[in-house]
Amino acid sequence: FSEVLDAMFEVLVKPEEHIIDQGDDGDNFYVIEKGVFDIYVQKDGLNVCVGKYNNKGSFGELALMYNTPRAATIIAKQDGALWALLSERMKIVDVLGVRTFSDGERIITQGDKADCFFIVESGEVKIMIKSKAGQPDGVEVEVARCSRGQYFGELALVTNKPRAATAYAVGDTKCLVIDIQAFERLLGPCMDIMKRNISQYKDQLMALFGK
């Protein structure tokens, strides 16, 4: 556990603070605890906002994986908090795998045993839950979508229970994969952040299916 604490630390940010800047060398991988962060990419000499993270997601892994400069600038829009993984102490490239999926391909299946979780590198993933869990003919209902930088599949690792949902690729999709051993070793300090998703999913299920 001390190894995990040594590898990660909390970062508190203020509005308009630059977390990373396009073109800089990568030093940390970040998991968002809270806050809104805009994503800017330089196009024709101008900084263009191409998306945002809203109180969840992760970023900064690509520069560490491929030893390339930062591909975007991330700016905090309000007070926020992040967990940062020090690349010098524990290289994320050592634990991240990459998998690609075609449009409509199933990534994880509700009810299966969990052995890894995923971060979306490109494309989109839709999260589906059967309206009558445990019945093979149950109708699947979409409860969430994950885009670049967002993660999924962590709930089963946090709760040590079977997969609570099925995930499908929307268009050609590439995901970074962290297995359960690396998840426990690297992201232990982020467990409380990820546990918050459990209550969010429960609220969604209650709204969709009732008690």
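**Exercise 1. Work out which sequence separations supply the chain's contacts.**

Start with pairs at a separation of 6 or more: residues 24 or more positions apart make up 78% of those contacts, a contact being heavy atoms within 4.5 Å. Before going on, keep in mind that this is a predicted model, where local features need pLDDT of at least 70, side-chain atom pairs count only at pLDDT 80 or more, and totals for chains, interfaces and linings use all residues. Residues are numbered from 1 along each chain as its sequence is written, and side-chain values use heavy atoms, with hydrogens and water left out.

Next, list the elements: the chain has five helices and 14 strands. These are DSSP runs numbered from the N terminus, with helices (H or I) of at least four residues and strands (E) of at least two.

**Exercise 2. Find the largest nonpolar core and say which strands build it.**

Step one is burial. Of the 211 residues, 46% count as buried, that is, under 20% relative accessible area with a 1.4 Å probe and protein chains only; exposed is over 50%, and partly exposed lies in between.

Step two is the core itself, a set of buried Ala, Val, Leu, Ile, Met, Phe, Trp, Tyr and Cys residues joined through side-chain atoms within 4.5 Å. The largest has 18 residues, and among those touching the most other members are Ile107, Phe118, Phe152 and Cys175. Strands 10 (106-108), 11 (116-130), 12 (140-146) and 14 (166-179) each give two or more residues to this core. Strand 11 provides the largest share, six residues.

Step three: look around Cys175. Beyond its neighbours within four places in sequence, Cys175 contacts residues including Gly97, Phe101, Phe118, Val125 and Phe152.

**Exercise 3. Trace the salt-bridge network around Lys77.**

First, the general idea: side chains of opposite charge can pair when their charged atoms come close. A salt bridge here is a side-chain nitrogen of Lys or Arg within 4 Å of a carboxyl oxygen of Asp or Glu, and the structure holds four of them.

Now take Glu16, whose side chain meets that of Lys77 at 2.8 Å, N to O. Because Glu16 sits in the loop between strands 1 and 2 and Lys77 in the loop between strands 7 and 8, the pair ties together parts 61 residues apart in sequence.

Then add Asp38, which bridges to Lys77 with the closest N and O atoms 3.9 Å apart. Asp38 belongs to strand 4 (residues 36-43) and lies 39 residues from Lys77.

Finally, compare accessibility: Asp38 is buried at 7%, whereas Lys77 is partly exposed at 31% and Glu16 is partly exposed at 47%. Glu16, Asp38 and Lys77 thus form a linked network of salt bridges.
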